[in-house]
Amino acid sequence: MKPLGPIPAGFGVIDGELAIGGETASALVQRAGDTPLFVYSRSLMQQRVAELRTHLPDRIKINYAIKANPIVPVLQVMSELVDGFDIASGGELAMVRQAGVDPARVSFAGPGKRDRELAAAIAAGVTLNVESAGEMRRALAIGSKQAIAPKLALRVNPDFELRGSGMKMGGGAKPFGIDQGCIPELAKELIGAGAQWCGLHIFTGSQSLDSDAIIDAQANVLALAARLAEDIDEPLPKLNMGGGFGIPYFHGDQPVDLPAIGAALRNQMNNLPEIIANTEFYIELGRYLVGEAGVYLTTIIDRKESHGQTYLVTDGGLHHQLAASGNFGTVVRRNYPLAIANRFDAPPEEEVNVVGCLCTPLDRLADKAQLPRAEVGDLVAVFCAGAYGATASPSAFLGQGPAREILV
Ligand SMILES: *Cc1c(COP(=O)(O)O)cnc(C)c1O
């Protein structure tokens, strides 16, 4: 037996079935037309942002990092909930514009921005989180060609990282940001060149469940920002402090301690060094805002035995759920939270392997899971599917094509 991850709070049961936003899984599948289907819950996103607003100091603004889930309906929900948006490509710029987001609320990070992406962002009035000296000079040149003073912030590659994070984005040699020692000189250069100085972006890592590590990283970010502002000899208009709040995917994972993080941040805000006393502070979160609000529904196509083990073969798989299959940045494969959606309140009765329909042994959704007895035609729900699902999976692999996606 291998344990399943914890099913997030906020889902209901109607007539024994998993319910999302007050509708049963089977009704949602009927409405969408077929499986595989991603269902995203507006109310769970609203609840999540409300919890953040309750616990974080008022002056901390919240950005949504859209790479977690960039579909237009989700962006429109987020647009009413959060303060700003972080994008990481010209394609994502097109998505936020399609969703009707004011480009003045958008900042654009990410290495390897092409000149045409810089030009589109500068013309739209998006803030660029500049990733290198070369990129800064290209942005300045494009700004002067457009006769616009570009909005430029510098992304810092800090000397520290977010301990315990799933994806490290700082500390040592990295393709992201500008080494902290080079920041003051470049900031002076961009201010001297007439760009709009928008401050700093310091992102230290992602998917951390270690609240003390998040608190330490935030303290380190604030101290570094103050030191750099002193060296630049200008107050800092904005500081994007990064995020990194993780969600529990696996058995034994505990959610981050939001009250503790909020209390520590309030303490920091009450004791700010003078040079950053009037700075606007942002945190940027992706999966924490949307990850637990999404469920991936797939239908059991076949039930078979092999060498004494039972396999439930579904019409979904790693082409939509690369992370749940264990092939997106994990070393040891563990089971995501998963359930038989139309037998949601039934007790576990058997040990099964749930697999996808792709012809590769990598395509697994659950190994040796304890589940109610399931038959062909039943629905399997994979939870924590709201972030890095549809867009972070190889949907063209084996000719499968994309999943359906709905917001309820
Ligand atoms: C990926 C990324 C995020 C979002 O990470 P989550 O783990 O989804 O919160 C935020 N900021 C930057 C710079 C990123 O690259």
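This is a short talk on the charged and aromatic contacts in one predicted protein model.

Okay, hi everyone. Some ground rules before we start. The model is predicted, so local features need pLDDT of at least 70 and side-chain atom pairs count only at pLDDT 80 or more, while totals for chains, interfaces and linings use all residues. Residues are numbered from 1 along each chain as its sequence is written, and side-chain values use heavy atoms, with hydrogens and water left out.

Let's begin with salt bridges. By that I mean a side-chain nitrogen of Lys or Arg within 4 Å of a carboxyl oxygen of Asp or Glu. How many salt bridges does the structure hold? There are 19, and I'll walk you through some of them.

Take Lys2 and Asp367, whose closest N and O atoms are 3.9 Å apart. Lys2 is in the segment before strand 1 (12-14) and Asp367 is in strand 20 (residues 364-371), so this salt bridge ties together parts that are 365 residues apart in sequence. When I say strand, or helix, I mean DSSP runs numbered from the N terminus: helices are H or I with at least four residues, strands are E with at least two.

Are these two partners buried or exposed? Here buried means under 20% relative accessible area, exposed means over 50%, and partly exposed is in between, using a 1.4 Å probe and protein chains only. Lys2 is partly exposed, at 37%, whereas Asp367 is buried, at 8%. These two also belong to something wider: Lys2, Arg333, Arg364 and Asp367 are linked in a network of salt bridges.

Next up, Glu280 and Lys61, with closest N and O atoms 3.5 Å apart. Glu280 sits in strand 15 (residues 280-285) and Lys61 in strand 5, so to speak a link between distant parts of the chain, 219 residues apart. Both ends are partly exposed: Glu280 has 31% relative accessibility and Lys61 has 28%.

Now, what about Glu135 and Lys113? Their closest N and O atoms are 2.6 Å apart. Glu135 lies in helix 6 (residues 133-146) and Lys113 in the loop between strand 7 (106-108) and helix 5 (115-124), so the salt bridge joins parts that are 22 residues apart in sequence. Glu135 is buried, with a relative accessible area of 3%, and Lys113 is buried too, with 3%.

On to charges without a salt bridge. Which residues form a negative surface patch? They are Glu230, Asp231, Asp233 and Glu234. A patch takes residues with over 30% relative accessible area and no salt bridge, joining like charges within 9 Å, and nonpolar side chains (Val, Leu, Ile, Met, Phe, Trp, Tyr) within 5 Å. Asp and Glu count as negative, Lys and Arg as positive, and His and the chain ends are not counted. As for Glu234, it lies in the loop between helix 8 (211-232) and strand 14 (238-243), and it is partly exposed at 32%.

Right, aromatic rings. A pair of aromatic rings is described by the distance of the centres and the angle of the planes. Rings of Phe, Tyr and Trp (its six-membered ring) pair if their centres lie within 6.5 Å; planes under 30 degrees apart are stacked, over 60 edge-to-face, and the rest tilted. By this rule the count is nine aromatic pairs.

One of them is Phe38 with Tyr40, which is stacked: 6.0 Å centre to centre, with 20° between the planes. Phe38 is buried at 0%, and Tyr40 is buried at 1%. Then there's Tyr64 with Phe85, an edge-to-face pair at 6.4 Å centre to centre and 75° between the planes. Tyr64 is in strand 5 (residues 60-65) and Phe85 is in strand 6 (residues 84-87), so the pair ties together parts 21 residues apart in sequence. Tyr64 is buried, with a relative accessible area of 0%, and Phe85 is buried, also with 0%. Ring pairs also link Phe11, Phe344 and Phe383 into a cluster.

Last thing: sequence distance against distance in space. Gly244 and Phe245 make a nice example. Gly244 is in the loop between strand 14 and helix 9, and Phe245 is in the loop between strand 14 and helix 9 (258-269). Gly244 is buried at 8%, and Phe245 is buried at 2%. Gly244 and Ser206 are 38 residues apart in sequence and 3.8 Å apart in space, C-alpha to C-alpha. Phe245 and Gly143 are 102 residues apart in sequence and 35 Å apart in space, C-alpha to C-alpha.

That's it from me, thanks!

Note on methods. Areas by Shrake-Rupley, 256 points an atom, 1.4 Å probe, with all protein chains shown as cover. Charge placed at Lys NZ, Arg CZ, Asp CG, Glu CD.
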